[in-house]
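Open the model in your viewer and keep the selection tool at hand. The stops below follow one another, and each begins with something to select.

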Amino acid sequence: MMRTLSGWRRFLMLVPLLFVLAHFFSVTELHYNPRPVPNKQSKSNHLVLGPAAGQGFSNRLHCHPQGIKALNKTHFSTASTTLVDNIHFVTVFTLYNATHPDDRLSNLVTVGNTSYSKLQRSMAILNIFVNFIQAAMPRSNVIILTDPASDLSIHKNGVIIHPIQGEYSRDKLMLQRIRSYIAFLETRTDKISQNQGHIQHYIFTDSDIAVVDDIGHIFHDYPNFHLALTFRNNKEQPLNSGFIAVRGTPDGIVRAKTFLQEVLKVYRSRYMKASRMLGDQLALAWVVKSHPSFDQKKFTKAQAFLDDIGGAAVLFLPCVVYNWTPPEGAGQFHGMPLDVKVIHFKGSRKRLMLESWNFFSASSDISDMLCLILRSGRTKYDF
């Protein structure tokens, strides 16, 4: 009996030693196989490749799991802008006062072989925005609406700087954007009378989009709309203001201007607290959804439809094709459709926009570039 007890006593004395040894080996394994704890607040300074969403769907882009290679090809439009009149892309852009030179050096961000200050980053995005448009739709022009006080210059063919007076401060920029759109459309009324028989259509967009296919066909395929918006299945924010197309006929311009004036009125009366961000989209959704005959269930299906909103014939185009974004591409869009037309690098995906253009410039393969976007879009970046 005494021997048995002494045996148990020796075993119990060894138990702490076993715990120490187990801890030692686990720490040793961790040292040789580090597992970094992800920091949700940090943003990556390089592209992070992840799984490509939509791999089980036949109508989605499929990418090689070990690289940036498309396993099927996107369906590009056979229609050409020769089917329609001239198309102008219009964006609002302004430059803010540069910071102290020392701050500029400390805020440098490198993409490829080039380092960018905060100011240079904004200009780089604007230049890439123009590059994508000119690659996909070489006959179109780009009009940049800007603050007259902004020292903005861009040396590219087919680019027009159009100053419009207004309040371009950061906290009022979304509000000013609608004002600038309305002011610009007012100037087009005079242009129409001067150029009778020659129609110019307008597509108002954010400057962080990439047009990857010809979208001029919408004015030919849907001949009865005055303005077009993009929608998604999002209860609170079903409409994205980063894409608004306006038919350049006298009736189209007048009705689009009246529609935007109503959006501006709602913005001022209901959403001024969101003037820095999202206020325009909330106002846009309110104007559409408050129309008595509008059926919100139409937003649940990714199919284009036409509806009358306050006397304007509004074409609703699915975001999944005409305003595809990386976060939604990994979520409700279930990947990237083969007929995608517009990529929107909203939020912290600006680095991905530059990296995508650099990749396309080197490879000239649009499908492979789209795989780069699809596989890298889940991550937030520092640019």
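Begin by selecting strands β10 and β11 (residues 312-318), which pair in the antiparallel sense over 5 bridges. Keep in mind at every stop that this is a predicted model. Within this pairing, pick Ile-309 and look across to β11, where the bridge partner is Ala-312.

**The sheet**

Now widen the selection to the sheet. In what order do the strands of the open sheet run? The 8 strands follow the order β5-β4-β1-β6-β9-β8-β11-β10, and the pairing is mixed. Select β5 (159-163) and then β10 (305-309) to see the edges. Each of these two has a single partner strand, so one side of each is left without a neighbour in the sheet. Look along the sheet to follow the twist, which averages 25° from one strand to the next.

**A salt bridge that involves Asp-307**

Select Lys-298 and Asp-307 and display their side chains. The two meet in a salt bridge, with an N to O distance of 3.4 Å. Is each partner buried or partly exposed? Lys-298 has 32% relative accessibility and counts as partly exposed. Asp-307, at 13%, falls under the 20% cut-off and therefore counts as buried.

**Other salt bridges**

The structure holds 13 salt bridges in total. For another one, select Asp-171 and Lys-172, whose side chains meet at 3.7 Å, N to O. Asp-171 is partly exposed, with a relative accessible area of 34%.

Next, select Arg-177 and Asp-280. Their closest N and O atoms are 2.5 Å apart, in a salt bridge. This pair links distant parts of the chain: Arg-177 belongs to helix α4 (residues 173-194) and Asp-280 to helix α7 (residues 279-289), 103 residues apart. Both Arg-177 and Asp-280 are buried. Add Asp-206 to the selection, and you have a network of salt bridges that links Arg-177, Asp-206 and Asp-280.

**The largest cavity**

Stay with Arg-177 and Asp-280, since both are also among the residues that line the largest cavity. Its volume is about 60 Å³. To show the rest of the lining, add Ile-178, Tyr-181, Ser-241, Ile-244, Leu-260, Val-263 and Leu-284.

Which elements each supply at least two residues of this lining? They are α4, β9 (239-246), α6 (250-270) and α7. Helix α4 gives the most, with 3 residues. Colour the lining of the largest cavity by class, and the residues divide into 6 nonpolar, 1 polar and 2 charged.

**The second largest cavity**

How many cavities of 30 Å³ or more are there? The count comes to 2. For the second largest cavity, select Pro-51, Ala-53, Trp-324, Pro-326, Gly-329, Ala-330, Leu-374, Gly-377 and Arg-378, which line it. The space inside the second largest cavity is about 30 Å³. Coloured by class, its lining has 6 nonpolar, 2 polar and 1 charged residues.

**Last view**

To finish, show the network of Arg-177, Asp-206 and Asp-280 once more, together with the residues that line the largest cavity, including Tyr-181 and Leu-260. Then bring back the open sheet of 8 strands, with β5 and β10 at its edges.

Conventions. Residues numbered from 1 in each chain as written. Predicted model: local features only at pLDDT ≥ 70, side-chain atom pairs only at ≥ 80, totals over all residues. Heavy atoms only, no water. Salt bridge = Lys/Arg side-chain N within 4 Å of Asp/Glu carboxyl O. Buried < 20%, exposed > 50% of the residue type's maximum accessible area, 1.4 Å probe, protein only. Helix = DSSP H or I, 4+ residues; strand = E, 2+ residues; numbered from the N terminus. 1 Å grid on protein atoms, 1.4 Å probe; cavity = no way out; pocket = protein on both sides within 12 Å on 5 of 7 lines; lining within 4 Å. Points joined across faces, edges and corners; volume = space filled by probe spheres on them. Nonpolar A, V, L, I, M, F, W, Y, C, P; charged D, E, K, R; others polar. Pairing = 2+ DSSP bridges. Axes fitted to C-alpha atoms, helices over the stretch in contact; angles between N-to-C directions.
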